Amino acid sequence: MAVRDILPDFPNAAYTTVMTLLERLVRKGAVTRRKTGRAFQYLPQVSRETLRRVALREFLETYFDGSEEEL
């Protein structure tokens with residue numbers, strides 16, 4: 001799925017904000033970037049399942065002190 005296909009769902013998302021987010025993901029190794037003509041193509045380097053696990057772990061740590069029982 002292309003970023004440009006998703007952006008119409010977020011009319012208030014500024015171009016610079018999207019580019020900043022993508023650049024941060026590149027620096028963290030979550031995506032890679034390659035130039036295709038005049039545009040960049042961003043490709044995921046981490047599976048969706050892995051990202052879900054990371055997000056859930058961070059959620060548990062932040063709001064429930066890492067306790068699944070507290071959740």
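A charge sits over a ring if NZ of Lys or CZ of Arg is within 6 Å of the ring centre and within 35 degrees of the ring normal. That rule applies in one of the views below. The model shown is predicted.

**View 1. Two charged residues lie over the face of F40.** R33 lies over the face of the F40 ring, at 5.1 Å from the ring centre. K35 also lies over the face of F40, and its distance from the ring centre is 5.0 Å. R33 and K35 fall within the residue range of strand β1, 31-36. F40 falls within the range of strand β2, 39-44.

**View 2. Strands β1 and β2 pair in an antiparallel hairpin.** Strand β1 covers residues 31-36, and strand β2 covers residues 39-44. Six bridges join the two strands. V31 has P44 of β2 as its bridge partner. R34 stands opposite Q41, again in β2. In a regular strand the side chains alternate between the two faces of the sheet.

**View 3. G37 sits in the hairpin of β1 and β2.** Two residues lie between the strands of this hairpin. What sign does the phi of G37 have? The phi of G37 is positive, near 70°.

**View 4. F59 and Y63 form a tilted aromatic pair.** A pair of aromatic rings is described by the distance of the centres and the angle of the planes. For F59 and Y63, the centres are 5.2 Å apart. Their planes meet at 45°. This angle is neither under 30 degrees, as stacked would need, nor over 60, as edge-to-face would need, so the pair counts as tilted. Both residues belong to helix α3, residues 48-64. They are four residues apart there, so about one helical turn separates them. F59 is partly exposed, with a relative accessible area of 37%. Y63 counts as exposed, at 59% relative accessibility.

**View 5. F59, Y63 and F64 form one aromatic cluster.** F64 joins F59 and Y63 in this cluster. How many aromatic pairs does a search of the whole structure find? The search finds three aromatic pairs. The tilted pair of F59 and Y63 is one of them.

**View 6. D65 follows helix α3 with a positive phi.** D65 is found in the segment after α3. Its phi is near 50°, a positive value in a residue other than glycine. Most residues other than glycine have a negative phi, and most peptide bonds are trans. Is D65 buried or exposed? D65 counts as exposed, at 72% relative accessibility.

**View 7. V3 of helix α1 touches V18 and L22.** V3 is found in helix α1. Leaving aside residues up to four places away in sequence, V3 touches V18 and L22. V18 is 15 residues from V3 in sequence. In space, their C-alpha atoms are 8.8 Å apart. V3 is partly exposed, with a relative accessible area of 36%.

**View 8. P8 lies in the loop between α1 and α2.** Helix α1 covers residues 3-6, and helix α2 covers 15-28. P8 is exposed, with a relative accessible area of 59%. A55 is 47 residues from P8 along the chain. The C-alpha atoms of P8 and A55 are separated by 25 Å.

**View 9. S47 lies in the loop between β2 and α3.** At 40% relative accessibility, S47 counts as partly exposed. N12 is 35 residues from S47 along the chain. Their C-alpha atoms are separated by 28 Å.

**View 10. The close-ups belong to a protein with three helices and two strands.** From the N terminus on, its elements run α-α-β-β-α. The radius of gyration is 16 Å, well over the 11 Å that the globule rule gives for 71 residues, so the protein is more spread out than a compact globule. The C-alpha trace spans about 50 × 25 × 20 Å along its principal axes. Among contacts between residues at least 6 apart in sequence, 0% join residues at least 24 apart. Buried residues make up 8% of the 71 residues. The accessible surface comes to about 6400 Å². Carbon and sulfur atoms account for 54% of that surface.

Terms used. Residues numbered from 1 in each chain as written. Predicted model: local features only at pLDDT ≥ 70, side-chain atom pairs only at ≥ 80, totals over all residues. Heavy atoms only, no water. Phe/Tyr/Trp six-rings, centres within 6.5 Å; stacked < 30°, edge-to-face > 60°. Buried < 20%, exposed > 50% of the residue type's maximum accessible area, 1.4 Å probe, protein only. Rg over C-alpha atoms; globule rule 2.2 N^0.38 Å. Contact = heavy atoms within 4.5 Å. Areas by Shrake-Rupley, 256 points an atom, 1.4 Å probe, with all protein chains shown as cover. Pairing = 2+ DSSP bridges.
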